[in-house]
Amino acid sequence: APASFYSGTLDCCKKTLRHEGIGGFYAGITSPLLGQMFFRAASFMTFYGSIGAINGGDHAPSPQTIFAAGGVTGFVISFIETPIDLIKTKLQIQIFASRASPGIKPLYTTFSGCVKHVVKEYGARALYQGWSSTAIRNVPANAMFFPVNEIVKQKFAEMEGVPVTQVSTPKKLLSGAIAGMSYWTLLYPLDAIKGRAMAETYAHRQTWLNIVRSMAFKDFFTGIVPCTVRAVAACSAMFYTVDVMRNALNQA
């Protein structure tokens, strides 16, 4: 949001509800809804596939192998994630322009309309605006995200004296929550840079370093509270669901 547009998380919630209604909290949902299924499937496939390729055997992968697989995953999925996040971001920031100039009609209000506009004006390559920022965030973030979940589960398995697949549900949920917090709290400044890179118009896009130079210290942490709260719930549920499905498919 523009400077001073919101004074904090609560103010953002109040103004969103007042000006946009409940639907405002779901602005840009179509892009991640359509893309996340494929994106997450590709993420876990790449992670576990990378572990197998790097490990090259039946022995348990080392922490170094798991971290390397996470980094590889982050780079690979940046090619899938960038267009998804870009369209979501473009749709979400429409409110700022329309509120600044109420008489101006938004350039697009739907997922398909946004894609058509971007491609028509700047070509298909514009869908990858912010790719470098996404990759710079994704490699270290996913080198932490997936491994933390796996390593914490392994520790819980050792404590319970059971295989990793049989770790109790509360501990699996806690492992995912810890992984989510590690991703979003420690690497959040890189996500803030990525958000800025995608929010700019394609014609006025800047290099990663120029975006960093233009940001004040507080800008690197704006929005971290709601993001962390979301990470605990969403990542806990995601990793647990993947575990349940992988175990069920392996048994089948």
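**Exercise 1. Place alanine 41 in the fold, and find out how far it is from valine 242.**

Start with the secondary structure: alanine 41 sits in helix H2, where helices (H or I, at least four residues) and strands (E, at least two) are DSSP runs, numbered from the N terminus. This is a predicted model, so local features need pLDDT of at least 70, side-chain atom pairs count only at pLDDT 80 or more, and totals for chains, interfaces and linings use all residues. Residues are numbered from 1 along each chain as its sequence is written, and side-chain values use heavy atoms, with hydrogens and water left out.

Next, check exposure. Alanine 41 has a relative accessible area of 46%, so it is partly exposed (buried means under 20% relative accessible area, exposed over 50%, partly exposed in between; 1.4 Å probe, protein chains only).

Last, take the distance. Alanine 41 and valine 242 are 201 residues apart in sequence, yet their C-alpha atoms are 9.4 Å apart in space.

**Exercise 2. Work out the surroundings of phenylalanine 156 and of threonine 89.**

Phenylalanine 156 belongs to helix H6. With a relative accessible area of 13%, phenylalanine 156 is buried. Now look along the chain: serine 168 is twelve residues away, and the two C-alpha atoms are separated by 8.6 Å. Leave out residues up to four places away in sequence, and phenylalanine 156 touches Val167, Lys171, Leu174 and Ser175 (contact means heavy atoms within 4.5 Å).

Do it again for threonine 89, which is in helix H3 (residues 63-92). Threonine 89 counts as buried because its relative accessibility is 11%. Setting aside neighbours within four places in sequence, threonine 89 is in contact with Gly195, Met198 and Ala199.

**Exercise 3. Pick apart the salt bridges around helix H8.**

Begin with the total: there are eleven salt bridges, each being a side-chain nitrogen of Lys or Arg within 4 Å of a carboxyl oxygen of Asp or Glu.

First pair: lysine 194 bridges to aspartate 85, with the closest N and O atoms 2.6 Å apart. This one links distant parts of the chain, since lysine 194 is in helix H8 (residues 188-199) and aspartate 85 is in helix H3, 109 residues apart. Both lysine 194 and aspartate 85 are buried.

Second pair: aspartate 191 and arginine 137 form a salt bridge, and their closest N and O atoms are 2.5 Å apart. Aspartate 191 is in helix H8 and arginine 137 in helix H6, so the pair ties together parts that are 54 residues apart in sequence. Aspartate 191 is buried at a relative accessible area of 13%, and arginine 137 is buried too, at 1%.

Third pair: aspartate 219 forms a salt bridge with lysine 218, the closest N and O atoms being 3.5 Å apart. Here aspartate 219 counts as buried at 13% relative accessibility, whereas lysine 218 counts as exposed at 60%.

Then ask which residues are joined into one network by salt bridges that share partners. These are Glu81, Asp85, Lys88, Arg137, Asp191 and Lys194.

**Exercise 4. Explain why cysteines 13 and 227 are not in disulfides.**

Recall the chemistry: a disulfide is a covalent bond between the sulfur atoms of two cysteines. The rule used here asks for a pair of cysteine sulfur atoms within 2.5 Å.

Take cysteine 13. The closest cysteine sulfur belongs to cysteine 12 and is 5.7 Å away, so it's too far for a bond. Cysteine 13 counts as partly exposed, at 34% relative accessibility.

Now cysteine 227. The closest cysteine sulfur, in cysteine 235, is 8.9 Å away, so that's too far for a bond as well. Cysteine 227 is buried, with a relative accessible area of 10%.

Finish with the count: zero disulfides.

**Exercise 5. Describe the lining of the second largest pocket.**

The second largest pocket has 21 lining residues, and nearest its centre are Tyr48, Pro61, Glu150, Val164 and Arg246. Helix H2 (30-55), helix H6 (131-160) and helix H10 (224-251) are the elements that give two or more residues to this lining. H10 supplies the largest share, five residues.

Conventions:
1 Å grid on protein atoms, 1.4 Å probe; cavity = no way out; pocket = protein on both sides within 12 Å on 5 of 7 lines; lining within 4 Å.
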